[in-house]
Amino acid sequence: MDIFAERLKRNYDELKWLYMELYDNEDMYAELEKELGSFYGERSSSLKKIDLIREKDRDWYKQGDMLGMMLYIDQFAGNIEGVREKLPYIRECNVNYLHLMPFLDTPYGKSDGGYAVKDFRKVRADLGTMDDLDRLTEECHREGISVCMDFVMNHTSDEHEWAIKAKGGDGEYMSRYFFYRDKSIPDAYEKTVPQVFPATAPGNFTYINEAAHYVMTTFYPYQWDLNYKNPRVFNEMMYNFLYLANRGIDIVRLDAVPYIWKELNTSSRNLPKVHTIVRLMRIISEIVCPGVLLLGEVVMEPSKVVPYFGTLEKPECHLLYNVTTMATTWHTVATRDTGLLKKQLDIVNGLPHDYVFLNYLRCHDDIGWGLDFETLKKDGIEEVPHKNYLNSFFLGKTGYSKSRGELYNYDPVTQDARLCGTTASLCGIEKAGFEGNEAEMEEAVSLDIMLHAYLFMQSGIHVLYSGDEIGQVNDYTYKEDPSKAADSRYLHRGVFIWENAEKKSDKKTVEGRIFKSLGALEAIRKANKAFGVDARVITRDTGDRSVLCIERSFEGKSIIGIFNFSEEEKAAHIEGLQGGYRDMLTSKKVELPDIMMPGYGFFYIEA
Ligand code: GLC
């Protein structure tokens with residue numbers, strides 16, 4: 001039996017069962033199965049080889065040796081060919097996982113950063129062609145770099161071929177979206193469905209004059225939600241997924257996946273059928289392209305996130321974002337209190353080691369304050385005032401803050417707002433640079449490096465946003481571009497400044513200090529098995545609320561990270577550890593349990 005037939009046989013029962021449960025449609029199932037065979041047939045022999053290797057070594061992405069970088073192709077290097085030419089720089093950053101932000105065809109000015117796709121099989125003309133993408137992924141594979149791309153599966157652009165036909169009144173295409181002649185059903189949905197962009201795109205429906213209908217638009221009015229109740233939508237989107245996987249994509253980011261199934265009288269988020277669809281996708285990828293990983297974009301509270309891993313027998317996503325840890329990290333910066341973070345890390349570290357998280361300090365999106373407010377409440381911290389405090393802190397308006405952030409989607413009704421800014425600007429590097437304040441710069445750079453060091457102590461895969469490796473600050477030019485001005489997320493999606501990257505080897509510069517420090521930390525991480533997902537990870541009491549201690553142990557070897565989230569020097573007392581240790585960065589001796597922690601300082605130590 002050939003490999004495809006064998007994989008299909010292995011998965012047939014569940015695939016067919018779930019498909020029929022969802023759609024009860026034999027013909028559409030038969031078509032799907034036939035198409036899976038075609039996509040397998042079209043898959044290149046080199047990708048099939050990778051599939052076989054990864055099928056045998058299913059834990060290939062769990063070794064703790066992956067470092068990611070996410071970037072917008074145009075902002076980084078103009079076009080795909082430019083990215084290919086810049087691969088040596090990416091290698092120098094020790095990056096072996098490259099997330100190319102949305103690059104498919106999208107209408108100018110109505111793109112939501114590329115998340116409104118006009119054609120899933122075409123690259124945006126100014127960025128290059130599918131052939132360029134093939135070349136880039138091939139070269140990345142030669143260099144040992146895995147490539148990630150977004151699969152924007154919840155919606156299409158209103159200029160997608162289907163949307164255009166639907167606007168023209170073609171019922172077959174209208175049924176691929178959620179169309180309503182009168183407002184009664186949209187109104188009923190609005191009662192229970194929250195808003196994603198309350199300020200920039202209020203409501204979940206848009207009236208389409210040409211079609212004289214309302215259409216569901218959870219995100220921007222030009223992003224039309226796809227109706228996965230229609231098997232044609234599911235099948236076609238799976239073909240698009242496989243087409244892209246066959247371009248050599250290793251990691252497929254399932255954009256906004258919690259939103260893909262809608263039901264009246266529910267929040268239309270994380271519904272059980274979302275999991276059926278993700279499970280079906282996983283099975284389909286196991287059959288056609290088992291080397292491909294699914295990364296779920298589930299920006300939700302922890303109880304909603306973890307189910308997207310599925311179960312051991314019926315896995316769904318391979319990777320998920322560690323979003324609560326990210327938000328809790330910035331809460332810790334603003335409060336200098338590691339209590340909540342310690343609790344959050346203990347929860348994550350207590351999860352099965354098969355769950356691999358993507359850790360990050362910030363991404364292309366805003367930082368939403370999805371914190372464990374129930375725990376904070378016990379310390380007398382209330383949700384709304386605390387969110388207000390965090391936002392004013394990172395806007396640089398509160399107390400000792402040196403941050404330069406901007407608000408995102410302030411909702412006057414709930415008083416909720418999220419936050420934008422690059423890591424460096426949130427750490428104070430922008431302000432200190434602008435004011436020429438050397439002492440403040442020292443502090444800001446220390447905070448920036450300490451945060452990366454703390455991040456690298458977590459299990460999973462780390463993803464840097466391009467530019468953060470050299471402390472790049474906010475870019476305010478988006479305000480002058482009418483196609484971007486209303487969306488403050490562009491503040492932290494600026495053009496990569498190559499001139500600054502040239503300073504990466506000069507330790508006297510901010511760029512050089514951050515770049516070199518990250519390099520040293522990555523080298524330690526790669527050389528030590530204690531950073532793998534199988535390590536036992538615990539936090540220890542430190543006798544000071546500002547100081548966090550994380551210990552990673554594997555095969556009798558422990559590595560301890562101690563981090564001071566305050567700008568003040570702290571005397572810490574590490575519970576349960578005693579004796580002489582070695583500072584892994586300077587080789588100096590360190591004595592525990594009592595240790596002086598410089599402001600925003602950190603240690604990586606081993607016995
Ligand atoms: C995801 C993306 C975000 C986009 C949204 C709609 O959340 O990360 O940038 O606006 O999906 O596609």
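In this predicted model, the side chain of arginine 489 puts an N or O atom 3.1 Å from an oxygen atom of the ligand. Two other side chains turn up in the same sort of role. For aspartate 255, the distance from a side-chain N or O atom to a ligand oxygen comes out at 2.8 Å, and histidine 364 likewise has a side-chain N or O atom 2.8 Å from an oxygen of the ligand. As for how much of the ligand ends up under cover, it has 310 Å² of accessible area on its own, and the protein covers 95% of that.

Zooming out a little, the ligand is surrounded by 13 residues, and the ones that come nearest are Asp112, Asp255, Glu297, His364 and Asp365. Sorted by character, the shell splits into seven charged residues, three polar ones and three nonpolar ones. The space that the ligand takes up is the largest pocket.

Where does the shell sit with respect to the domains? The protein chain is divided into domain 1 (155-225), domain 2 (323-355 + 365-459 + 474-501) and domain 3 (535-606). Domain 1 (155-225) and domain 2 (323-355 + 365-459 + 474-501) each supply at least three residues to the shell around the ligand. On the overall layout, the centres of domain 1 and domain 3, taken over C-alpha atoms, are separated by 53 Å.

Terms used:
Residues are numbered from 1 along each chain as its sequence is written. This is a predicted model: local features need pLDDT of at least 70, side-chain atom pairs count only at pLDDT 80 or more; totals for chains, interfaces and linings use all residues. Side-chain values use heavy atoms; hydrogens and water are left out. A residue is near a molecule or strand if one of its heavy atoms lies within 4 Å of it. A polar contact is a pair of N or O atoms within 3.5 Å; within protein, one must be able to donate a hydrogen and the other to accept it, and residues adjacent in sequence count only if both atoms are side-chain atoms. Accessible areas come from the Shrake-Rupley method with a 1.4 Å probe; for residues, only the protein chains shown count as cover. On a 1 Å grid over the protein atoms alone, a cavity is a set of points where a 1.4 Å probe fits but cannot get out, and a pocket is an open set with protein on both sides within 12 Å along at least five of seven lines; lining residues have an atom within 4 Å of a point. A molecule sits in a cavity or pocket if more than half of its atoms lie within 2 Å of its grid points. Ala, Val, Leu, Ile, Met, Phe, Trp, Tyr, Cys and Pro count as nonpolar, Asp, Glu, Lys and Arg as charged, and the others, Gly among them, as polar. Domain bounds come from an automatic or database domain assignment.
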